[in-house]
Structure formats: structure tokens, C-alpha cells
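Have the sequence and the model side by side. The walk below goes from the core to the sheet, and then to one loop.

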Amino acid sequence: MSSPTHFARLTAAAALLALSASPAPAQDSQGTGPMTLVEQMAAGRPFLVAARKGAIPLPQEGWSYPEGWDYWVVFEGRYNPESGIWASDGVGFSPRGIEFHACPPDIDRSRFICGGTHSDGHPLSRRVTPRDHVVVILENELTFDDAGAVYRDGQQVGVITVPPI
């Protein structure tokens, strides 16, 4: 059952998604112009994905999507450009029995920890970056377009944004 705090976080995240679709993107480090969604994600900025409840399949190991949230759920994440690790989680809910880190096959494990204390993280079949127009959410590789629409199997399932700093 969702708490008022979880509902407030979900509402705030959804509002951020709606508002951040129209403001000017962040400036690049040289100040030469606005950064695209892909550039912001590739630089390691956190992102939010709002998706239809159930559209992103997650293993059902002792948990379910939050009750009372009939249509939308929000995920947060970040891509680490140095390591190639994708970190993600649910906003207002925490699925169990699933990897929060997705690890590229060529990760330098002498420098980077991917996974947790008892886990090696979810192994990706190849190095995936935002420049591939792919986002990794809790073991799922989803495509997205420059307008921020997120797709699974060719069907739009949600939207992605990089919230303003």
C-alpha cells in the first residue's frame, strides 16, 4: 500500500516530467549552447522515466507494483560515463529480487563496483550508452527518441527527461 510520502514523490516527479519537457536544456560545459537529452544523460545527469504501470516488465519475486497507482509509475536513474554502469530504481517503491545496476561486459572491476554486496549486477550483452538512444531501467533496455518518448518493442510506454539542476 502506498503512503502519502510515496504519493507525494510520484506526484512531484510527474510534475517535473511535465514541466521539464518545455524549458531550455542545460548548457554544455563550454557554454556553446544547450545540451540535448542524450548529451545530458551521456554526461551522467540523473534522469526520470514515467511509464505506464506494468509496461516495463520486472520480475515478480515477492513484490508488485504499488497499489493505488492505477496508471503511471516513475523510475529514476543515472548513467556513469566513466564506467558504463547504469543505476536505476523505482520512485516511491523498491522492487526486490532485481538488479539496480546494469554492467557492461568490458567493465574494469579493479576500478568499479557494479552490483551490491552479494551481487555482480545485471550483465549487459554489450556496452550501451545514451548515445545509442537506449536507457536501462532495472534490467530492461528501452529505446527513446530525441523528444523523450520511451519505447518497448516498438510501442511507446512512457517518457524520459533530465530534470533541471
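Which residues have the most contacts inside the largest nonpolar core? This is a predicted model, so read every position as computed. The core in question has 29 residues. Those with the most contacts inside it are Met-41, Phe-47, Phe-75, Trp-86, Val-135, Ile-137 and Ile-160.

Several elements feed this core. Helix H2 (37-42) gives two or more residues, and so do strands E1 (47-52), E2 (72-79), E6 (134-137), E7 (140-144) and E9 (155-161). The largest share is that of E6, with four residues. A second core stands separate from this one. It has five residues, among them Ile-85, Cys-103, Ile-107 and Phe-112.

Take Ile-137 as a way into the large core. Leaving out residues up to four places away in sequence, Ile-137 touches Phe-47, Val-49, Ile-56, Phe-75, Ser-88 and Leu-142.

Ser-88 deserves a stop of its own. The residue sits in strand E3 (residues 86-90). Is Ser-88 buried or exposed? Its relative accessible area is 7%, under the 20% limit, so Ser-88 counts as buried. Beyond its neighbours within four places in sequence, Ser-88 contacts Glu-76, Gly-77, Phe-100, Val-136, Ile-137 and Leu-138. With Leu-138 there is also a polar link: the Ser-88 side chain reaches the backbone nitrogen of Leu-138 at 2.8 Å.

Now step back to the sheet. Nine strands form an open sheet with mixed pairing. Their order is E5-E4-E3-E2-E1-E9-E8-E7-E6. Why do E5 (122-123) and E6 each have one side without a neighbour in the sheet? Both stand at the edges, and each has a single partner strand, so one side is left without a neighbour. Elsewhere in the sheet, strand E8 (residues 149-152) pairs with E9 in the antiparallel sense, over four bridges. In this part of the sheet, Arg-152 stands opposite Gln-155 of E9.

Finish at the loop between E6 and E7. Leu-138 lies there, and so does Glu-139. Leu-138 has a phi near 40°, a positive value in a residue other than glycine. Glu-139 is not a glycine either, yet its phi is positive, at about 75°. How do the two stand in accessibility? Leu-138 has a relative accessibility of 1% and therefore counts as buried. Glu-139, at 29%, counts as partly exposed. Leu-138 is also where the path returns to Ser-88, whose side chain reaches the Leu-138 backbone nitrogen.

Key. Residues are numbered from 1 along each chain as its sequence is written. This is a predicted model: local features need pLDDT of at least 70, side-chain atom pairs count only at pLDDT 80 or more; totals for chains, interfaces and linings use all residues. Side-chain values use heavy atoms; hydrogens and water are left out. A nonpolar core is a set of buried Ala, Val, Leu, Ile, Met, Phe, Trp, Tyr and Cys residues joined through side-chain atoms within 4.5 Å. Buried means under 20% relative accessible area, exposed over 50%, partly exposed in between (1.4 Å probe, protein chains only). Contact means heavy atoms within 4.5 Å. A polar contact is a pair of N or O atoms within 3.5 Å; within protein, one must be able to donate a hydrogen and the other to accept it, and residues adjacent in sequence count only if both atoms are side-chain atoms. Two strands pair if DSSP finds at least two bridges between them.
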